[in-house]
Amino acid sequence: MPSKCRVSASLLSANFLKLGDEIRATEAAGTDSFHLDVMDNHLAPNLSYGPPVIQWIRSATQLPLEVHLMIDNPHLFVADYAKAGADLLFFHIECYAAEPVNPLAIREIPRATTQPDIPQILAVIDQIKQLGVKAGITLNPNSPLTPALKPAILASDAVLIMSVNPGFSGQKFIADVLPKITEMRTYYQGDIHIDGGITNETAPLARQAGVSTLISASYLYSSADYKSAIQSLNLVSH
Ligand code: DX5
Ligand code: ZN
């Protein structure tokens with residue numbers, strides 16, 4: 001089992017009516033960073049929030065802000081998120097894929113790619129780094145870890161492995177993604193994040209596979225005690 005994982009609090013399940021209080025409480029409970037989910041009703045079948053809200057969040061905490069861009073054409077928008085205060089920007093490889101996309105099937109067929117456009121992905125990683133922000137790629141559950149992806153992974157400051165299809169918090173953990181993490185760990189020493197369905201039950205599986213950051217939304221924000229919830233993600237067994 002690897003050493004203690006970082007925990008990143010996904011504000012998607014926080015109470016937005018009292019967001020400042022939620023941020024302070026999560027910080028006091030020991031979160032290492034905040035994970036901010038941005039969705040556009042295209043890459044993910046949901047809408048969340050964008051740069052103005054992130055700017056307010058930035059003013060409320062000194063902790064790192066990791067922005068998970070579940071949006072199409074992220075290269076057109078990364079500068080806005082850098083300006084809003086992101087420390088790390090994750091974008092999806094599924095945005096730069098050879099496979100055609102049927103926008104009308106967005107709810108039924110989660111995006112996946114076996115043929116990512118590596119030069120384009122490398123260019124976006126570089127674009128983000130040029131903005132002075134850390135950059136990372138994200139893989140949906142059905143996108144395999146192909147050998148072609150290795151240069152993009154090695155160029156990433158962090159990698160995000162989705163363990164649910166993007167769009168909503170509170171979904172069931174997809175354990176089938178764990179071998180991708182184990183395989184990636186054989187050549188990547190950077191920060192591997194896992195996102196979706198993380199609880200005290202699933203966190204040990206993810207840690208065993210080799211992740212270094214656990215993202216949690218519903219498990220954390222539905223708990224009565226944020227500190228215990230955060231600590232429980234690093235417990236040895238259940
Ligand atoms: C899902 C988001 C996740 C989500 C996680 O599309 O990317 O960050 O908030 O929620 P839980 O932890 O409830 O699965
Ligand atoms: Zn996320």
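**Notebook: zinc site, barrel and core**

I began with the zinc ion (ligand 2), whose protein donors are H35 through NE2, D37 through OD, H68 through ND1 and D195 through OD, at 2.0 to 2.3 Å. I note at the outset that this is a predicted model. I then looked up the geometry: the zinc ion (ligand 2) has six donor atoms with angles of 72 to 171° among them, and its site is octahedral. Written along the sequence, the spacing of the donor residues is H-x1-D-x30-H-x126-D.

Are H35 and D37 buried or exposed? I find H35 at 0% relative accessibility, so H35 counts as buried. D37 has 4% relative accessibility and therefore also counts as buried, the cut-off being under 20%.

**Barrel**

Next I traced the sheet. Eight strands form a closed barrel in the order 1-2-3-4-5-6-7-8, and their pairing is parallel. On average, and with direction ignored, neighbouring strands of this sheet are turned by 25° against each other. I then checked how helix 2 (residues 51-60) sits: helix 2 packs on the sheet and touches strand 2 (33-39) and strand 3 (65-70). The direction of helix 2 makes about 165° with that of strand 3.

I went on to single pairs of strands. Strand 4 (residues 88-92) and strand 5 (residues 134-139) run parallel and are joined by five bridges. Within this pair I noted L89, whose bridge partner in strand 5 is A135. Strand 5 also pairs with strand 6, again in the parallel sense, over four bridges. Here T138 has L160 of strand 6 as its bridge partner.

**Strand 6**

How many residues of strand 6 (residues 158-162) are buried? I count five of the five, so strand 6 is largely enclosed by the rest of the structure. I also recorded the directions of its residues: A158, L160 and M162 point one way, whereas V159 and I161 point the other way. All of these are buried.

**Loops with positive phi**

I searched for residues other than glycine with positive phi and noted N41 and N73. Phi of N41 is near 65°. N41 is placed in the loop between strand 2 and helix 2. The relative accessible area of N41 is 39%, so I record N41 as partly exposed.

For N73, phi is about 50°. N73 belongs to the loop between strand 3 and helix 3 (78-84). I record N73 as partly exposed because its relative accessible area is 38%, a value between the cut-offs of 20% for buried and 50% for exposed.

**Nonpolar cores**

Which residues touch the most other members of the largest nonpolar core? In this core of 69 residues I find L11, I137 and I194. Helix 4 (residues 118-130) gives the most to this core, contributing five residues. Another core lies apart from it and has seven residues, including L88, F90, L160 and V164.

Finally I looked up the contacts of I137, leaving aside neighbours within four places in sequence. Among them are F90, F91 and I93, as well as I121 and I125. I137 is further in contact with L149, A152, I153 and S156. The list closes with A158, V159 and L160, which I had already entered as buried residues of strand 6.

Terms used: Residues numbered from 1 in each chain as written. Chains lettered and ligands numbered in written order. Predicted model: local features only at pLDDT ≥ 70, side-chain atom pairs only at ≥ 80, totals over all residues. Heavy atoms only, no water. Donors = N, O, S within 2.8 Å, 3.2 Å for Na, K, Ca; no water. Tetrahedral: all angles 85-135°; square planar, octahedral: opposite > 155°, others 65-115°. Buried < 20%, exposed > 50% of the residue type's maximum accessible area, 1.4 Å probe, protein only. Pairing = 2+ DSSP bridges. Helix = DSSP H or I, 4+ residues; strand = E, 2+ residues; numbered from the N terminus. Axes fitted to C-alpha atoms, helices over the stretch in contact; angles between N-to-C directions. Contact = heavy atoms within 4.5 Å. Core = buried A, V, L, I, M, F, W, Y, C linked by side-chain atoms within 4.5 Å.
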